Every structure is written in structure tokens, then in C-alpha cells.
Amino acid sequence: MKMNPILAIDGYKVSHRVQYPQGTTKVYSNFTPRSDRFFQSPLADGKLVFFGLQGFMQWFLVDLFNDAFFSRPEDEVVNEYKQVMDSYLGRDAVAVDHIRTLHRTGYLPLHIKALDEGSKVPMKVPVLTITNTRDDAFWLVNYLETVLSAELWKASTNATIAHHYRKICEKWAAKTCTDVSHLDFQCHDFSFRGLSGLQDTMQSGSGHLLSFKGTDSIPSILYARDYYTDGEDYFIGASIPATEHSVMCMGQHDGEIETFRRLIADLYPQGFVSIVSDTWDYWRVLTEYTRELKTLIMNREGRVVFRPDSGDPVEILCGTGADDDTRAERSPEEKGSVEVLWDIFGGTVNEKGYKVLDPHVGLIYGDSITLERANEILRRLEAKGFASSNVVFGIGSFTYQYNTRDTFGFAMKATWGQVNGEGRTIFKEPKTDNGMKRSARGLLRVERDAQGELMLHDEQTWDQEQQGELKTRFLDGKLVNREHFEQIRQRLAAQG
């Protein structure tokens, strides 16, 4: 079903057109992250990674409006709008002339300016501004607030979270690794099943792919391909063969080791394969099966990745014992998975003095990982003398779904308008608020200071407004200054 996008609104938006002062011809608004007070990260820096606008503009403002609004017969679109409004607010309570006028225009008469996607943006600096280009479309600007906010806050939020995972991984790799080639795949997107539908998955999963190339969300790859590349053969993301509990259970409890043997020797005699290992007794798998299968594993060209999927991630990987405890009689639980595999398969000590597991074995943990837990796992591995490259994290909906628009306080507010030919600087500044909801004033410009930080300048002239880092991205129904996914990836990586 292709919903008529003119109906993708909060109900109260319908009435605002007539509530503006008579003679209103221009509305100028911005979309801004106002606060990171609900964002928790060991490496919090007060900035948001801006992402998702280009995809939203193409699929909604261009494709959906063209397919489900402009290309449909005028009377059909207008009558549908009237039927919905008559039912919703009462017969003839809402006029339809403005919908007819917009349809006859043939495009969305809007001008959207925005920062480069992949930019790290301080709080209270707008990521975009939006205004109308025809006087009769003044009502359209904030009419689109609801869908714009709904489609953009999460893509940016999850791109920011993924970036912080990357920062944590880079921090510990810098301390414990001489080879950092693992970083692109150290955090793997497992979140698809726990997100709020397919569109949500595609957008937020593409945000993950700005910082990593490992994902099990194929729709996210397609979204990045369709809206951020030219369709060429460009590498976006990948995964490896992996089992699930149904596979392990179907082999039955008594035959579990034979399931491992079949996977390792018959189905995947080379390359990477990930095997979920806690269907019954994880520590038996890690201490008994591995020894019995060691020759097969070591003779493979590739890596067998063991996947614990329950328990406390920090303790499962790093052990329940003290990090400096080297007693030989410690239990597997006390040692933790990394040390247990080291005892069985060994490995090397890199130039920085940290242990690296033999490349034939590895670990991925994908249950209830958070930024704090990932950091604590890598901290404890360092304390135990192991390189951070020994583990991979599966990042799921526990990370990517437990967020709201308030995580970064996103809001769209009008700051300037024109009534009867005269410009008006407008703002909100509630006395009952702590200051977070205070809006900017007037026309806006974003510039970089001497240190390269993005800074907001409000109450600008039109000449000043046209300068700075906010660049035209959408103008009268068409995308402008499109960027490739690789450009956005590189921009974010360069900012650290």
C-alpha cells in the first residue's frame, strides 16, 4: 500500500493553515538536536552524527509524493483528503482548495538546507532548515514536521550510537592491537527483529553501516544502495554463514558435537562460520567439544566463531574471577571464554605485548550488548593481557531500539515568518522550562569556528542566511547536492 503522503500528519496539523495570521506567506523552520542528557556513552562528546536526510527526501518527498499524490488524478486526491477530514473533524470543517493548488503545482515548493550527512553536530545546532518557495505553500512547512521528525531522529540517533561503538573499539585497538583490520567488522548489526518495522530497520541499520561493515540486516544494505549510491558495485556490508538454535536443536542434544563436526568439516570446510554454542551446555562446548574437534578446526582454512547467547556478556567473555588471577585450577567460568580458547588453541603475542587468539577460532557475543558493556569487556580483556580484536559484538535492538526522540531532544521549530510582506522574527522561551526548549530566533546560519566546530548564528539577514554550512539539499521537488555513502563514511571517520 502506498499511503497518500499528504495524510502523513498529526491530526492537529490540519488546522494550522487557517490559524496563522491572515497574510502569512512564509514560514521558516529548523530541525535541531537540543540535548544529549539521555544519551549514555563512556566516550560521550556532546555531539550527534547527522544522517538520513537524503534517503528520506528521495523516498518520501520525491518518490512517494510523485507516485501517491502528484501522479494520481486531482479529484481523486482531493476527494480522498476531504473524505478523511470530513470523518475526522466534521463535514466541511476543513477546506480543500490548498490541496488542489498543491496538486496543480506538480511538486513540493520547498527549500531544504542541511549540514553534510556524517557531520558531528553539537547540541543546539540545527541540522537543517526548511521554508516554502511559493507564497501559497506557507502552510506546508510545519505541516511536514511530524513525518520529518519521525523519519530523521532515529537514523541520526543510531548513527551516533554506532559511531560510539566504533570509538570504543578504536580506543582499545589503539592500546592493544598492532593490526586494526578487524575494526570494520567488530560490531555486527543484529537489530532487525527488534526494531519497529521494515522502514525503521532500513534507516537505522544504514546508520550502523556508516561506522561498520558487518550486518545481518540485508534491507539496510539495500536502503544504503538505493538512496546513497549510484547503483554501482560498491561494498556496503556483509556477513558470514551462521547457525541458529533451531539448527542446533534439530541435531538433538546427544548429537550436538556431530552437528558441530558437520558444520566445520562438511558444510564449511573453509572460510568463516559462526556457531551458536549455548543451546544446552556452553562450557562443555568450549572445553570438551573444542578439544575433540581441535584437529579439524586447525586444519581448516578459516575461522570457527563460537557464539554464546545467554548470561552476563562481561562474565561470559572475560570470566567471573579477578583479572590478575592466574591460578591453574580456576574453572572455565572464572577464566572466561577468551582465556579458555587461549588455553586450548593458543595464539600469538603482538608487538604491544597482548595475546591474540589463533586465527582459526574466535568469539561473537550478541545478547544485550550496550556501549558500557562493550567498553567494560574490552577493558577487562586488556587487564587480562588480551588484545581487543579477540571478540566481536552483535549489536541488537537492546542498543538500537531503546531510544526515543528525546535521546537527543530533537525538535522542529519555526523561527521566522513573513506576514503581509514583512518579516517576523519568532521564537519560544517558556518560563516554566529549564532552558532546553528555548528556540533560536529568526533566520539561521551555521558556521565553523577557528577550531572547526559548528556554531549557530541566529537573527541573520537573508544574505547571511545563504552562507555557511547549511547547503541546499532539496529545491522545488528535486534533490540537490546528493552525496555517496562512501563520502559520508569518510567524513565521519575523519572526525574521530
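This short presentation walks through the cores, strands, cavities and pockets of the structure shown above.

Good morning. The structure is a predicted model, in which local features need pLDDT of at least 70 and side-chain atom pairs count only at pLDDT 80 or more, while totals for chains, interfaces and linings use all residues. Residues are numbered from 1 along each chain as its sequence is written, and side-chain values use heavy atoms, with hydrogens and water left out.

Let me begin with the interior. In soluble globular proteins, nonpolar side chains tend to be buried together. A nonpolar core, as I use the term, is a set of buried Ala, Val, Leu, Ile, Met, Phe, Trp, Tyr and Cys residues joined through side-chain atoms within 4.5 Å. Buried means under 20% relative accessible area, exposed means over 50%, and partly exposed lies in between, with a 1.4 Å probe and protein chains only. The largest core here contains 133 residues, and those with the most contacts inside it are Ile6, Phe56, Phe60, Tyr81, Phe306, Ile377 and Phe393. Helix α6, residues 145-176, contributes the most to this core, with 13 residues. Helices (H or I, at least four residues) and strands (E, at least two) are DSSP runs, numbered from the N terminus.

Which residues does Ile6 touch, if we do not count those up to four places away in sequence? They are Phe65, Phe69, Tyr81, Ile99, Leu102, Trp139 and Tyr143, where contact means heavy atoms within 4.5 Å. Apart from the largest core lies another one, of five residues, including Tyr28, Ala440, Leu443 and Leu444.

I turn now to the strands. Strands of a sheet pair through backbone hydrogen bonds, either parallel or antiparallel. Two strands are taken to pair if DSSP finds at least two bridges between them. Six strands make an open sheet with parallel pairing, in the order β7-β6-β13-β12-β9-β8. Strands β7 (214-215) and β8 (273-276) stand at the edges with a single partner strand each, so one side of each has no neighbour in the sheet. Strand β6, residues 187-189, is joined to β7 by two bridges, and His188 has Gly214 in β7 as its bridge partner.

An antiparallel pair is found elsewhere: five bridges join β16, residues 443-448, to β17, residues 454-460. Arg445 is partnered by His457 in β17. These two strands form a hairpin with five residues between them, and Gly452 in the turn has a positive phi of about 85°.

Two residues that are not glycines also have a positive phi. Gln252, with a phi of about 75°, sits in the loop between α9 (245-250) and α10 (256-267). Is Gln252 buried or exposed? Gln252 counts as exposed because its relative accessibility is 57%. Ser368, with a phi of about 60°, lies in the loop between β12 and α16 (371-383) and is partly exposed, at 26% relative accessibility.

Next, the empty space. Rolling a probe the size of a water molecule over the atoms shows where empty space is left. On a 1 Å grid over the protein atoms alone, a cavity is a set of points where a 1.4 Å probe fits but cannot get out, and a pocket is an open set with protein on both sides within 12 Å along at least five of seven lines; lining residues have an atom within 4 Å of a point. Grid points are joined across faces, edges and corners, and a volume is the space filled by probe spheres set on the points.

How many cavities of 30 Å³ or more are there? The count is three. The largest holds about 90 Å³. Of its 14 lining residues, Gln54, Met57, Glu117, Arg473 and Asn481 are the closest to its centre. Helix α2, residues 53-70, supplies the largest share of this lining, three residues. The second largest cavity has a volume of about 70 Å³, and its lining includes Lys13, His16, Trp139 and Tyr143.

Finally, the largest pocket has a volume of about 1,200 Å³. It is lined by 47 residues, of which His188, Phe190, Ser274, Ile364 and Val392 are the closest to its centre. Strand β12 gives the largest share of the lining, four residues. His188, which we met as the bridge partner of Gly214, thus appears again in this pocket.

Thank you for your attention.
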